[in-house]
Amino acid sequence: MGKFVNLFVVLTVIIIMYPATPARAADFRPIKIGLATEQDQIALNVADAEAILDLAGTEPVNVPVPGDQVIMTACDDQITLNFMPVGPGPLLVIPGSSSLVWNQHHYRGGFLISAKNNHLILINFISLEDYLRGVVPREVMASWPLAALKAQAIAARTYAIASLGRHGSDNFDLCPTDHCQVYGGIDSEKASTDIAVTSTAGEIITYRGKVISAVYHSSSGGSTFDAANVWNFSVPYLKSAIDWDQNSPYNQWTRYLNWNELQGLVSHYYPLIGRLQRVSDIVSASDGQLLRITLQGDLGENTINGDQFRALAGLPSVRVQIGVIYGPAPFVNLWWSPGSPYPEALMADNAISGLVADVLTPPWDLPDPWSWLEDKEPIRMVLRGSGWGHGVGLSQWGARGMADAGYNESQILEHYYPGATITDIGNIHMDGSKNNAGQ
Ligand SMILES: [Zn+2]
């Protein structure tokens with residue numbers, strides 16, 4: 001325990017010694033971003049580093065640096081520098097007058113290197129505000145209006161502190177991918193997004209005094225989803241809201257999957273049902289959200305929810321209508337509409353576009369209603385949808401739409417997180433590394 005207390009004291013002091021961003025949230029603890037895990041070796045240029053410390057004991061030990069370039073490896077849970085064992089670590093690399101570089105990318109703050117299972121983990125130890133400078137421009141376009149950038153900065157700050165310790169088993173808080181939040185370090189920073197971060201420094205979103213789970217996505221395709229309909233748990237501030245995402249490039253999209261391609265995907269994800277023969281019982285909510293679909297194979301069947309199907313088919317969102325084209329010519333397109341227990345059957349004039357030539361009335365009341373298609377095989381699936389992402393919480397393209405219409409960041413966030421308010425990070429009680437997102 002003493003080791004970790006000491007580690008935080010050392011690192012917090014170091015961060016305060018090198019304050020890149022003056023912020024009223026400067027006393028919030030630095031956060032740890034896992035840049036790389038399971039590394040056989042890490043090469044660093046340390047010519048400009050102030051020092052390398054081994055933090056294993058109660059007092060940090062200064063590690064002699066054998067040159068300007070070091071190659072770090074792990075051996076029997078000892079870290080080696082240029083193949084000389086220096087201690088168990090973690091090692092802290094303190095920046096000098098210029099920023100640290102790894103893999104040709106520049107990072108603010110320091111680096112922590114720890115050994116695990118004879119591999120290395122590289123962690124960027126950085127102030128919350130400097131971290132956000134490398135996040136906001138990776139999540140939205142720096143050319144967007146300032147109110148949209150500020151809304152993203154506040155949401156990303158809130159999401160980060162509600163997610164502290166998410167990768168605790170590897171001793172860091174967040175990863176730099178869209179599993180947590182995309183983070184690109186100094187090379188990603190832009191002047192406009194820096195302004196969005198610094199002008200909102202310390203601002204976070206709360207609901208009844210608790211930090212919210214500030215989930216966000218690219219665009220919902222017309223209206224955001226209630227979390228209860230996507231993730232099966234209800235959150236008072238993650239309710240459906242009209243989305244201002246009309247200018248999103250993902251407002252309407254179409255995907256085609258050849259039937260044998262779909263069969264391959266189903267065999268991979270759901271091997272027990274055998275070879276896919278048809279899809280049926282496709283149920284959608286009135287707002288277009290795909291709720292469930294039944295996959296029928298030659299060995300069995302499986303009903304999956306919309307999110308599982310989105311993952312299976314690699315779709316941008318769950319707001320999707322499904323059509324299946326049967327051939328040979330004349331082609332029949334079965335098209336499932338929200339609210340209807342059976343698909344419509346449309347005669348299609350070709351198998352590529354599925355364009356309608358005639359409307360058929362299939363005998364859906366027969367004991368085996370599929371028998372009228374017995375001389376035809378499914379050829380391809382047509383997927384027409386809107387939106388990009390899970391569709392819950394803040395819509396990034398919607399924030400841009402509201403900003404274009406003159407709304408400020410508070411109005412944007414209060415629209416997408418109804419009932420939530422913006423407050424200063426100093427006004428809330430943080431309990432360290434636990435996720436204390438309000439429910
Ligand atoms: Zn992650």
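These notebook entries record what I looked up about the backbone of this predicted model.

**Entry 1: the background.** I began with the usual case. Most peptide bonds are trans, and most residues other than glycine have a negative phi. I then looked for departures from each habit.

**Entry 2: cis peptide bonds.** Which residues does a cis peptide bond join? I found one such bond between G89 and P90, where omega is about 5°. I next located P90 and placed it in the loop that runs between β7 (84–87) and β8 (91–94). I also noted a cis peptide bond joining G327 and P328, again with omega at about 5°. For P328, the position is the loop between β20 (320–327) and β21 (331–336).

**Entry 3: E38.** I turned to phi. E38 is not a glycine, yet its phi is positive, at about 50°. I traced E38 to strand β1, which covers residues 31–39. Is E38 buried or exposed? I counted 11 other C-beta atoms within 10 Å; a residue with 12 or fewer is classed as exposed, and therefore E38 is exposed.

**Entry 4: F83.** F83 also is not a glycine, and I read a positive phi of about 70° for it. I located F83 in the loop between β6 (78–81) and β7. How many other C-beta atoms lie within 10 Å of F83? The count is 10, so F83 is exposed under the cut-off of 12 or fewer.

**Entry 5: review.** I close with the places recorded. P90 is in the loop between β7 and β8, and P328 is in the loop between β20 and β21. E38 belongs to strand β1, whereas F83 sits in the loop between β6 and β7.

How values were computed:
Residues are numbered from 1 along each chain as its sequence is written. This is a predicted model: local features need pLDDT of at least 70, side-chain atom pairs count only at pLDDT 80 or more; totals for chains, interfaces and linings use all residues. Helices (H or I, at least four residues) and strands (E, at least two) are DSSP runs, numbered from the N terminus. A residue is buried if 20 or more other C-beta atoms lie within 10 Å of its own, exposed if 12 or fewer, and partly exposed in between; C-beta atoms are placed from the backbone.
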